[in-house]
Amino acid sequence: MTTTLHDRVARTYSSDTGLIAAKNRMVLHRQRQRWSGRRDLLRVADLGVGDGALLEALSEALEQSPDLRLALTGLDISPAMLTRAAQRVTLTTVQSCASRSADHLPLQGFDLVLAHFILAYVDRRTLLQQARQLLAPGGILSLATSTNEGAAPLMAQINSRFRVSRNPLRRIIARATDHAFSRSSVPATGAMLEADAAACGLRLISRDTLRHTIVFQSAEEAYRFAIEDGWCVNVLAVPGIPPGLGQRLTRAGLRLFQYPFTFTQVVEMMEFTTADTATASIRQPEAASA
Ligand SMILES: C[S@@+](CC[C@H](N)C(=O)[O-])C[C@H]1O[C@@H](n2cnc3c(N)ncnc32)[C@H](O)[C@@H]1O
């Protein structure tokens, strides 16, 4: 997907409210407990850093720890997102596709690698392999992603009202949805992600699952979630359709759905470490709550 598209999303993207904020609170809880006793340099890389809210919160949370110094790096494909992150927190910025992170960042150079809500854009195995290469021995990969478990109500409407419709816009919406799902590396389930991570030499050490029921009362609410909040931006990545036109088509297409539209968003937050690390050497935080 194009950098231009993500730059466009950067104008409205906000992780300060809603599901992304809930995810950040839970991840922050774990990371604060995990690292607050540390007394030297903590090197953190965030792949797909977005607006930098999590790094900012982590930095504030760990500020109180005596002798702990933070070195933060944010990698993103979007220069506009990197600018937003740099306005929030002091960090080194790297503009790159996350699938080439290991070409731009020091191998085994990070104690904590964050990769949150990026699997819609980057191949899952590639991302896991790249993150694995960045981790120092005993380092932690924090991976957050939605899964496709909650997609059934969307597909039910696409199949019954769009795919075989006489209205060409409805058929375009069905095609764009299929295209987005086929290009996305969002896992069907958390178990699938765990299996892929194991194949890449990463061992699961914690898992939190957030299930959040969402009701859209109108097409405007659905558009805000899908495009402005960044959850379904890849529906805009249809070859040959410029992002501006894609946004207008999406807005018009969403008016064709039936409302209220209810679905459950499932978000997995997992921590992995390198498979050869002894569990006893890893500080185990208590489970987080939403
Ligand atoms: C949904 S946002 C998530 C931002 C942040 N990780 C969070 O949890 O709030 C996805 C981020 O990934 C970035 N991104 C998309 N495709 C990417 C790619 N191929 N490589 C690196 N970053 C990418 C976007 O620009 C955006 O900042």
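Contacts that reach far along the sequence dominate the protein chain of this predicted model. Among contacts between residues at least 6 apart in sequence, 82% link residues at least 24 apart. The chain that makes these contacts is built from 11 helices and seven strands. Its radius of gyration comes out at 19 Å, close to the 19 Å that the globule rule gives for 290 residues, so the chain is as compact as a globular protein of that length. Laid along the principal axes, the C-alpha atoms fill a box of roughly 65 × 35 × 30 Å.

Burial and surface come next. Of the 290 residues, 51% count as buried. The accessible surface of the protein chain adds up to about 13,000 Å², and carbon and sulfur atoms account for 50% of that area.

One residue worth a look is Asp111, which sits in strand E4, a run covering residues 110-116. Is Asp111 buried or exposed? With a relative accessibility of 6%, Asp111 falls under the 20% cut-off and therefore counts as buried. Its side chain has a polar partner there: a contact of 3.4 Å joins Asp111 to the side chain of Arg38. Leaving aside residues up to four places away in sequence, Asp111 also touches Trp35, Leu41, Leu42 and Arg43, along with Ala136, Gly139 and Ile140. Arg38 is on that list of touching residues as well.

Then there is the ligand. A shell of 20 residues surrounds it, and the closest of them are Tyr13, Lys23, Gly48, Asp76 and Ala98. Sorted by type, the shell splits into 11 nonpolar, seven polar and two charged residues.

Which polar atoms of the protein come up against the ligand, and at what distance? On the side-chain front, an N or O atom of Tyr13 is 2.7 Å from an oxygen atom of the ligand. The backbone takes part too: a polar backbone atom of Ile77 is 3.2 Å from a ligand nitrogen, and a backbone N or O atom of His116 lies 3.0 Å from a nitrogen atom of the ligand. As for cover, the ligand has 600 Å² of accessible area on its own, and the protein covers 95% of it. Tyr13 thus turns up twice in this part of the model, once among the closest residues of the shell and once through its side-chain approach to a ligand oxygen.

Note on methods: Residues numbered from 1 in each chain as written. Predicted model: local features only at pLDDT ≥ 70, side-chain atom pairs only at ≥ 80, totals over all residues. Heavy atoms only, no water. Near = heavy atom within 4 Å. Polar contact = N/O pair within 3.5 Å; in protein donor to acceptor, adjacent residues only side chain to side chain. Areas by Shrake-Rupley, 256 points an atom, 1.4 Å probe, with all protein chains shown as cover. Nonpolar A, V, L, I, M, F, W, Y, C, P; charged D, E, K, R; others polar. Helix = DSSP H or I, 4+ residues; strand = E, 2+ residues; numbered from the N terminus. Rg over C-alpha atoms; globule rule 2.2 N^0.38 Å. Buried < 20%, exposed > 50% of the residue type's maximum accessible area, 1.4 Å probe, protein only. Contact = heavy atoms within 4.5 Å.
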